[in-house]
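Please open the structure in the viewer and keep the selection panel at hand. The tour proceeds from a strand pair to its sheet, and then to a pair of helices.

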Amino acid sequence: MTEIPTVYVTRSIPEIGLKRLRERYEVVIWEEKLPPTKDHIVSRLAELDAEGLVCLLSDQVDAEVLDASPDLSVVSTFSVGYDHIDLDAAAERGIAVGHTPGVLTETTADLAWALLMTCARRTVEGHAYVAADEWETWGPTLLTGPDVHGATLGIVGLGNIGTATAKRAAGFEMEVRYSGRSRKPEREDELAEVGVEATYVERDELLAECDFVSLHVPLTGATAGLIGESELELMSEDAILINTSRGEVIDTDALDAALATGEIARAGLDVTDPEPLPSDHPLFRHAPERLVVTPHIGSASIGTRNQMAEMVAACTEAGIEGESLPHSALRDAGLE
Ligand code: GLV
């Protein structure tokens with residue numbers, strides 16, 4: 001009798017994905033709230049002779065992990081981002097890498113927009129004010145912020161999520177600028193269809209001219225620290241910076257300094273460096289007046305997380321069966 005392949009899952013993902021995996025495989029799950037250590041993942045993969053690994057963006061998957069089980073044929077990450085996986089090492093070993101693009105695009109754009117609105121209209125501060133029993137009367141200048149409608153939105157990285165975020169500007173009659181490695185006429189057309197005219201500009205121009213700057217680049221060697229001291233200096237003192245991509249895209253110390261000196265007005269971050277951001281981190285002294293932080297929940301709608309669970313299951317199945325993955329990070333990164 002042939003043995004049933006084993007899949008090791010580093011956290012309890014939504015049941016819909018686990019159920020699908022259990023129909024075909026032995027599924028072993030790390031049930032704790034906090035992630036397993038890398039050493040633990042390595043030893044479990046080895047003990048189980050696992051053929052599949054389902055991981056999260058908080059697990060570092062390097063050559064040591066990839067070598068832990070000689071039978072490992074696929075790693076599927078419950079995320080669109082794959083900066084935590086050594087893709088070159090996976091490609092060298094012929095290990096497939098699945099991820100979850102597409103399904104979380106709109107959900108993450110919704111969160112970028114939630115942060116943008118929150119920072120502009122100071123809703124987190126407003127809530128804290130009411131909760132602290134400070135609300136004594138209607139105030140003519142109480143918690144005033146900039147208008148969102150009619151403002152200028154800058155999108156750094158007009159990929160799927162950047163485009164989805166820009167589309168939402170239509171309802172607010174905003175001007176949209178975008179920057180990136182090159183102009184993207186097909187994205188401009190897509191935006192024009194919903195009434196958004198997006199203009200390609202150099203990044204420095206975007207930073208200098210936009211009221212809101214939203215970051216949508218993947219984390220790579222080229223984008224780490226993309227927004228540092230000199231970029232923040234270019235921004236207006238009324239500008240609001242939104243990050244739903246990866247924390248490392250912003251130089252945290254530079255942001256801390258820019259918020260301290262009032263070089264920019266506010267930042268809304270769903271991703272931070274370090275992550276998680278402890279509440280005694282220096283950056284946190286700016287909250288909630290100048291800083292709003294959410295705990296990396298860009299894709300956290302119930303429907304999207306369920307779809308992501310199904311996608312990692314589908315990628316894992318394909319990898320174990322030796323088929324082409326429906327969503328391959330190696331393919332997306334040009335390594336396949
Ligand atoms: C979230 O950040 C993801 O990469 O899915």
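Select strand E1 (residues 6-9) and strand E3 (residues 52-55): the two pair in the parallel sense over 3 bridges. Strands (E, at least two residues) and helices (H or I, at least four) are DSSP runs numbered from the N terminus, and two strands pair if DSSP finds at least two bridges between them. Within this pair, Tyr-8 stands opposite Leu-53 in E3.

This is a predicted model, in which local features need pLDDT of at least 70 and side-chain atom pairs count only at pLDDT 80 or more, while totals for chains, interfaces and linings use all residues. Residues are numbered from 1 along each chain as its sequence is written, and side-chain values use heavy atoms, with hydrogens and water left out.

Next, add helix H2 (residues 38-48), which packs on the sheet and touches E1, E2 and E3; contact means heavy atoms within 4.5 Å. The direction of H2 makes about 165° with that of E1; angles run from 0 to 180 degrees between N-to-C directions, and axes are lines fitted to C-alpha atoms, for helices over the stretch in contact.

Extend the selection to the whole open sheet, where 5 parallel-paired strands follow the order E2-E1-E3-E4-E5. Its edge strands, E2 (26-29) and E5 (96-98), each pair on one side only.

Finally, select helices H5 (residues 105-121) and H7 (residues 160-167), which pack at about 55° with their axes 8 Å apart. H5 is therefore oblique to H7, since angles under 35 degrees count as roughly parallel, over 145 as roughly antiparallel, 65 to 115 as roughly perpendicular and the rest as oblique. Residues making this contact include Trp-113 of H5 and Ile-161 of H7.
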